[in-house]
Amino acid sequence: MHKATPTIGAVLNPFAYIADRWTPSPRTVRRAATAALLMSVAIIVTGGAVRLTGSGLGCDTWPKCTDDSLVVTQAQGFHGAIEFGNRMLTYVLSAAVGWFILAARSTKPWRQSLTKLGWAQFALVMGNAVLGGITVLTGLNPYSVAGHFLLATGLIAVTTVSWQRTREGDGAPRPRVPGPVRKLSWALIATTLVLIAAGTVVTGSGPHAGDKSEIKRMPFDWAATAHVHAVAAWLVCALAVAMWLALRVVDAPTDTRARARDLLIVLLAQGGIGYVQFFTELPELLVAAHMLGSCLVWIAVLRIALSLRERPVEQAEIPAQGDAQLSTV
């Protein structure tokens, strides 16, 4: 009976069971957070490859690849392999998220805030997997495709916050810059979200439907939506410049000013790609690069906001002098 107890515990609560027997180093926890962040970007880029190669219905049903096969078949050819490969990458992403949850749960002392962030990642991955299935079953409905991308963007937000939290403590956040600068960062985040959402409308009304057959598109003029997207991009650029100047005026910490500089560099590259792809009729490679740039812009914006405050490591309470003397007796 006693020998079976550990096995029962492992089945009922595997994370607690492993946490009792493993203590990851802070470096391991940081690596787990980095893996989850990188995979959240990779799943967007490879998802774009599915759409840009016209492989969106390479596996024509879900959760199986065909009505009769769970995996891709030879008859489905190149497009089936691309679509199925992207589906398999979801399992790699899930493994990365699971590693982060396990590492966060096993830290000593247990960092419950990190664990909650890990489970938020898991919920977003599962939700997006279901939405991806709905996207296939509805024949690549452009609104479903847009929601699929926006959920993936939400996952990047959570993995970026998780990445930052592994590099700081669990103490109460302390501001590093004045209040108006922090409000400016919230305006930058909100405008960037508008920019990303506008980008999904450009995609939904544009020529890259994700499949070689006739796919219903959003009923908007593509050129007009592209111009709206460009206006939002210029507004983000203006706010980014304002943030860079504000941080210099208030003499913000060096690392915070570096985050603002990084954002300007990424925005410059992303804007260049955006205009080139517009005037060259959306070549697939440039569209893929623009999707990667979208992820990098979003990460850079979030890193600025996260650098405007700090969370110190909570120190254990120092015993009173009398207690310290008694402990040495």
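A residue is called buried when its relative accessible area is under 20%, exposed when that area is over 50%, and partly exposed in between. The exercises below apply this to a predicted model.

**Exercise 1. Classify Arg261 and Asp262 by burial, and state how they interact.**

Step 1. The relative accessible area of Asp262 is 24%, so Asp262 falls in the partly exposed class.

Step 2. Arg261 has a relative accessibility of 44%, and therefore Arg261 is also counted as partly exposed.

Step 3. Arg261 and Asp262 form a salt bridge in which the closest N and O atoms lie 3.1 Å apart.

Step 4. Elsewhere, salt bridges with shared partners link Arg111, Arg165, Glu168, Asp170 and Arg309 into one network.

**Exercise 2. Find how many salt bridges the model holds, and describe the pairs Arg87 with Glu83 and Glu168 with Arg165.**

Step 1. As background, side chains of opposite charge can pair when their charged atoms come close.

Step 2. With a cut-off of 4 Å between a side-chain nitrogen of Lys or Arg and a carboxyl oxygen of Asp or Glu, the count is eight salt bridges.

Step 3. One of these joins Arg87 to Glu83, with 3.1 Å between the closest N and O atoms. Because Arg87 and Glu83 are four residues apart in helix α4, which covers residues 77-106, about one helical turn separates them. Both Arg87 and Glu83 are buried.

Step 4. Another joins Glu168 to Arg165, where the closest N and O atoms are 3.2 Å apart, and here too both residues, Glu168 and Arg165, are buried.

**Exercise 3. Locate the disulfide, give its handedness, and assign the burial of Cys59, Cys65, Cys237 and Cys295.**

Step 1. Searching the whole structure yields one disulfide, and this disulfide connects Cys59 with Cys65 at an S to S distance of 1.8 Å, which satisfies the cut-off of 2.5 Å.

Step 2. The torsion about the S-S bond of Cys59 and Cys65 is about -65°, and therefore the disulfide is left-handed.

Step 3. Cys59 and Cys65 are both buried. Cys295, with a relative accessible area of 2%, is likewise buried, whereas Cys237, at 22% relative accessibility, counts as partly exposed.

**Exercise 4. Place Gln277 in the fold, and list its contacts beyond its neighbours in sequence.**

Step 1. Gln277 belongs to helix α9, which spans residues 254-279.

Step 2. The relative accessible area of Gln277 is 10%, so Gln277 is buried.

Step 3. Once neighbours within four places in sequence are set aside, Gln277 is in contact with Leu282, Pro283, Leu286, Val287 and His290.

**Exercise 5. Summarise the protein chain as a whole, and state where the prediction is weak in confidence.**

Step 1. The protein chain contains 11 helices and two strands, and these elements follow the order α-α-α-α-α-α-β-α-α-α-α-β-α from the N terminus.

Step 2. Of the 329 residues in the protein chain, 43% are buried, while the exposed area of the chain is about 17500 Å², with 67% of that area supplied by carbon and sulfur atoms.

Step 3. When contacts between residues at least 6 apart in sequence are taken, 76% of them join residues at least 24 apart.

Step 4. The mean pLDDT of the protein chain is 86, and 90% of the residues reach 70 or more. Over residues 316-329, however, the pLDDT is below 50, and this stretch has zero contacts in the model beyond near neighbours in sequence.

Technical notes
Residues numbered from 1 in each chain as written. Predicted model: local features only at pLDDT ≥ 70, side-chain atom pairs only at ≥ 80, totals over all residues. Heavy atoms only, no water. Buried < 20%, exposed > 50% of the residue type's maximum accessible area, 1.4 Å probe, protein only. Contact = heavy atoms within 4.5 Å. Areas by Shrake-Rupley, 256 points an atom, 1.4 Å probe, with all protein chains shown as cover. pLDDT = per-residue confidence, 0-100.
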